[in-house]
Amino acid sequence: MKPKNLIKSLNERISALRSETEARGETFYQGASRINLAGFPPKEHWDDWISLEPIKGTGKRKETHYMLVPTTCFNCQSSCGLMAYVDRDSMEVRKFEGNPEHAASRGRNCAKGPATLNQITDPDRILYPMKRVGERGEGKWARISWDEALDTLAERIRNAMLEDRREEIMYHVGREGEDGFTESIFKAWGMDCINTHTNICSAAGRTGLQYWMGFDRPSNDFANAEVILLTSAHLESGHYFNPHAQRIIEAKKRGARLIVVDVRLSNTSTHADEWVSPYPGSEAAIFLCVARHIIKTKAYNREFMRRWWNWQEFMETLHGDDEVTFENFEARLAEVYADYTFEYAAAESQVDIAQIKAVAEIIAGSGTRLCTQNWRSAAAGNLGGWQVPRTLFLLNALLGAVGTEGGTAPNAWNKFVPKNPMDTKHPNWWNEITFPQEFPLSVNEMSFLLPHFLKEGRGTIDTYFTRVYNPVWTNPGGFDWLEVLTDESKVGLHAAMTPTWNETAHFADLVLPMGHASERHDLVSMETHNGRWISFRQPVARVARERLGETINDSRETNPGEVWEENEFWFDLTWRIDHDGSLGIRQHVESRIEPGRPMGMNEYYAWIFENSVPGLPEAAEAEGLSPLDYMRRYGNFEVEAGQSSNGERKPYSGHYETAMDADALDGENVDALGRVFTYKPTDSGQRVNPAADPQGRLPVGVKIGETIHKGFPTPSGRLEFYSSTLAQWGWPEYALPTYIKSHIHREKLNSDQMPLIPTFRLPTQVHTRGANSKWLNELAHNNPVWMNPVDAQRLGIVDGGRIRVHADLGYFVAEAWVTQGIRPGVIACSHHMGRWQFSATADQQQRVMQTDIENSAPGQWSLKPVASESPMAPKRGRDANRVWWTAVGVHQNLTFGVHPDPVSGQHCWHQGVRVEAAQADDVPGQIHVDLEKSHAIYQDWMSRTRPARQVSPDGNRRPKWMLRPMKPGGNAYQLPKEGS
């Protein structure tokens, strides 16, 4: 039978089986979102599920008894549900499948979920605490005890506290994979010490949304949309890839239209009704052209705009001579975007004008069921890229597709973060090295500039933690990181918290083995769809043994070697820092059940589930379980539920239209634009936005007519088409959604340069955590440079040929993939590839590229694969003889200088590059970098900033209403006096 006919036959048989089952009155397994799954073990058999499995080489099968224990995947931010199959005889995890009780993933996983098995059985993983015994980067280590590691760290951190050197402690984290625990630990320490990866990731995407609605992330109701507009490869590698992909495809099956704006013909683009391939950086010009079309044809939602846009503020500020009427605003709005014609958009984007017109018609007809998403993509690549999501959301705001069924909502409406028992407050000081004065409007910490700040003498770091983060490999300018991490005068002690070796851990002083998804506790909730849920990551071997009646007090009792989990680690370290209670810290982690010792995991999570998750105690009681046992049993809980037209649960909580009880407002008063304030003091432990106005009033709502509505957490309480924040903080030219020409715009490149797009990734790779996953590397193990045949012919490049790509700091050597899947005049190279280590330490991690690194002169660095060894040559492990490939790609980020956007702080990833055929002795993966260029590029981009000292309208470091991790209290926001 031909493959196409076989697939058709199988689909028909599955449909028939479903019909037969339903006719008998039986049902498939119904998960939390009412999605039927055939063949999943019924939950009443999860304690003893019998599976018939083959006996190798005999042709026979045997019964294997499993316990099924849920946990949460840790291989991307989606946090999908996993179900671990624990062999009841050996107590080993044999496989992972999806958890049908998980409201977002609904029992389904991508390749990264099952690959967790590779990670926990990785023969090269780190199993014991290690201490450096040679020079940093020399690769010499000695095994130590956890007590020695903890006491070393505790002494340094305690001394820093006592000597008022709090700014010298730094916790540098990538994907945290949890909500609130670690932040509470550092609040207990009184430290503003968290440094995240966000400004190399999603800062620009967040910025564009925050200026509109006060929330920095979207929540997409893809399942109910009529038109889905993606500026990304969202179906395959988006932020919430699996949960979003399911719902996008369901919407397409229902008849929704999918528009994908992407330079590449990604897997997502192949599913699109319209694939729009623009010149990179021109996306905002297209969106503003569509906005002009909506305005010109009066397809906009007039009543929604009248109620919820801050059009009155726009008129009074920019058009004070006009009568402030909505009709006059409509006229001015048309003037603002009059120049964004179809012809202009086509010229900027190099997209056919007919396609832009067709896309504009589709979007204009979507009404309130337009669902849009950008996240990283174009926002992260370009100078001014934050205007891409701002102009994209303009389309939602014009159509009223905000918080509607099938529209785009603020993330906080569909994310749930429970209160924990640590009872901590925000620190009362400001960390200048993470939030420097040059970037008063940056969404998150300026983490990727840290090496330059340290080299400039802005500070030193006494104790530096890296966790789920690999800055030497992930960040631009990795050799700058290498130089700083090997300089003990700049970084006193570096503790790498990681389950596997990585490029940054090579330069650590302590390497501390932390657990994978099935070896740790975390709580996580993501805004994957219109529903609120909470998921429990847990150490499955521990839970399985507890089901059998054992008492387990520490995850190290059931994890391999001495692998620990962060939660227990942080509790223990906190206790040792304040060993005598004199610092007032240990009380936050002290057990309420057994005073005099830190809380255990059962106590900590039991308190949360009993006191902070609405509806969970009742649901647990209905099954005769405690709330903790319920979550250990099912791994996921839907906090709120409602129904939409397609049956999916849709709470639409926190709606801006929600009416507030005026009697509950103490000292209520309303300004001329309808913003409602109160003088009522807030509970110090309450999660509030301390955006007090100069009189100390707190904004609490918006008055429309006689009703006070909840509104949005923006200065006006409305959607801000006009941003007074941008206008008052030094960027009035960007106060409205507009188009900023990228740093790789054609006008800014030399005649021999072309844009390089390095921001996309393949769906099977795991940021920095997948290097030792054999299954994932087999699926994707190389990152050739995408090149259109037109450019290949012009440059004399053949498919598979080796090329040199000259970027900011130097060049890298890669293979060319000549394909029609990318527009002419642009090349692209995915990240997540080119993992390497020194040849001298090759026994640490076998499935990465072995390299020699040479520092031939000050600032001159070269990396070259060792020609005598296969770059993929595992020497041990049960899959060793199945590795058939040799390529591992190229670490292109080493050749990039830092490009901090002066508004958002986002690193602007796109590069203007020159491409030529490789030289005879060049090999793929080879790199050369000149760090003298690095500092010059840093200074050039820093010169574009407008520091708070120059632009602050109120003497503060940044606007108080804006989001900020570890948001300081007290007077910390005030700019220090000159010279202090």
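This report describes two nonpolar cores and one sheet in a predicted model.

Residues are numbered from 1 along each chain as its sequence is written. Local features need pLDDT of at least 70 and side-chain atom pairs pLDDT 80 or more, while totals for chains, interfaces and linings use all residues, and side-chain values use heavy atoms, without hydrogens and water.

**Cores**

The largest nonpolar core (buried Ala, Val, Leu, Ile, Met, Phe, Trp, Tyr and Cys residues joined through side-chain atoms within 4.5 Å; buried is under 20% relative accessible area with a 1.4 Å probe, protein chains only) has 66 residues. Helix 9 (residues 283-296) supplies ten residues, the largest share of this core. Among the residues with the most contacts inside the core is F721. Leaving aside neighbours within four places in sequence, F721 is in contact (heavy atoms within 4.5 Å) with residues including W212, W309, F329 and P737. Another core, of 65 residues, lies apart from the largest one and includes F40 and F569.

**Sheet**

Four strands (DSSP runs of E, at least two residues) form an open antiparallel sheet in the order 3-4-5-6. Strands 3 and 6 stand at the edges with a single partner strand each, so one side of each lacks a neighbour in the sheet.

| Strand | Residues |
|---|---|
| Strand 3 | 49-55 |
| Strand 4 | 60-72 |
| Strand 5 | 81-87 |
| Strand 6 | 93-98 |

Strands 5 and 6 pair over five bridges (pairing needs at least two DSSP bridges), and L82 stands opposite G98 in strand 6. Helix 20 (residues 540-547; helices are DSSP runs of H or I, at least four residues) packs on the sheet and touches strands 4, 5 and 6.

Definitions and conventions:
Buried means under 20% relative accessible area, exposed over 50%, partly exposed in between (1.4 Å probe, protein chains only). Axes are lines fitted to C-alpha atoms, for helices over the stretch in contact, and angles run from 0 to 180 degrees between N-to-C directions.
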